[in-house]
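Subject: The structure I promised you

Hi,

Here is the structure we talked about, ready for you to open alongside this email. Please have a look at it first, and then read on for what I found.

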Amino acid sequence: MVPFSYKGFAITERTYQIRGSGRWTLDLLIGRKEGLRAFSGPATYSTEEAAIAGCRELARRIIEGREKGCSVDDLS
């Protein structure tokens, strides 16, 4: 998986299909310089493409400080 950049952060989607369900997870990494943090969520998606879009949207909300309880402010 190739990371994409948003406001100086590297975001890597790590979505995977849940065995037997046909659903895809919300799972991603956000990194900056030497820091890296994993995030996931309870939402699942019917396609891999939808899960990737969900990961990217969650990453943007986290980076912008709009996702309650999630922060990357301390990543150097």
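The radius of gyration I quote here is taken over C-alpha atoms, and the rule for a globule is 2.2 Å times the number of residues to the power 0.38. For the 76 residues of this chain, that rule puts a compact globule near 11 Å, and the chain agrees with it at 12 Å. Please keep in mind that this is a predicted model.

**The overall picture**

The C-alpha trace spans about 40 × 25 × 15 Å along its principal axes. One helix and four strands make up the secondary structure, and reading from the N terminus the order is β-β-β-β-α. Of the 76 residues, 34% count as buried. The surface that the chain exposes comes to about 4800 Å², with carbon and sulfur atoms supplying 50% of it. I also looked at contacts between residues at least 6 apart in sequence: 42% of these join residues at least 24 apart.

**The helix**

Helix 1 takes in residues 48-63, 16 residues in total, and reaches 23 Å from its first C-alpha to its last, close to the 22 Å expected. Its buried residues are Ala51, Gly54, Cys55, Leu58, Ala59, Ile62 and Ile63. Why do they sit on the same side of helix 1? The arc they cover around the axis is only 165 degrees, and that puts them on one side. As a reminder, an α-helix has 3.6 residues a turn, so residues three or four places apart point the same way.

What do these buried residues pack against? Their partners are strand 1 (4-6), strand 2 (9-13), strand 3 (24-32) and strand 4 (35-45).

**Just past the helix**

Two residues are worth a look here. Gly65, just after helix 1, takes a positive phi of about 80 degrees. Glu64 is also in the segment after helix 1, and it counts as partly exposed because its relative accessibility is 32%, between the 20% and 50% cut-offs. Leaving aside residues up to four places away in sequence, Glu64 touches Tyr6 and Lys7. Glu64 and Tyr6 are 58 residues apart along the chain, while their C-alpha atoms are separated by 10.0 Å.

**Two lysines with a positive phi**

Most residues other than glycine have a negative phi. Lys7, the contact of Glu64, has a positive phi near 50 degrees. You will find Lys7 in the loop between strand 1 and strand 2, where it counts as exposed at 55% relative accessibility.

Lys33 also has a positive phi, of about 50 degrees, although it is not a glycine. Lys33 belongs to the hairpin of strand 3 and strand 4, which has two residues between the strands. With 76% relative accessibility, Lys33 counts as exposed.

**Strands 3 and 4**

How do strand 3 and strand 4 run, parallel or antiparallel? They are antiparallel, and nine bridges join them. Within this pair, Thr25 stands opposite Thr44 of strand 4.

Thr44 counts as partly exposed, at 30% relative accessibility. Not counting residues up to four places away in sequence, Thr44 touches Ile18, Arg23 and Trp24. Another pair to look at is Thr44 and Gln17: they are 27 residues apart in sequence, and the C-alpha to C-alpha distance is 9.1 Å.

Asp27 lies in strand 3. Is Asp27 buried or exposed? Asp27 is buried, because its relative accessible area is 12%, and the cut-off for buried is under 20%. Again setting aside residues up to four places away in sequence, Asp27 touches Thr12, Glu13, Arg14, Thr15, Tyr16, Phe39, Ser40 and Cys55. One of these contacts, Cys55, is among the buried residues of helix 1.

If you want somewhere to start in the viewer, try Asp27 in strand 3 and follow its contact to Cys55. From there you can look along the buried residues of helix 1, which pack against strand 1, strand 2, strand 3 and strand 4.

Happy to go through any of this with you.

Best wishes

Methods. Residues numbered from 1 in each chain as written. Predicted model: local features only at pLDDT ≥ 70, side-chain atom pairs only at ≥ 80, totals over all residues. Heavy atoms only, no water. Expected span 1.5 Å × (residues − 1). Buried < 20%, exposed > 50% of the residue type's maximum accessible area, 1.4 Å probe, protein only. Arc of directions from axis to C-beta. Contact = heavy atoms within 4.5 Å. Areas by Shrake-Rupley, 256 points an atom, 1.4 Å probe, with all protein chains shown as cover. Pairing = 2+ DSSP bridges.
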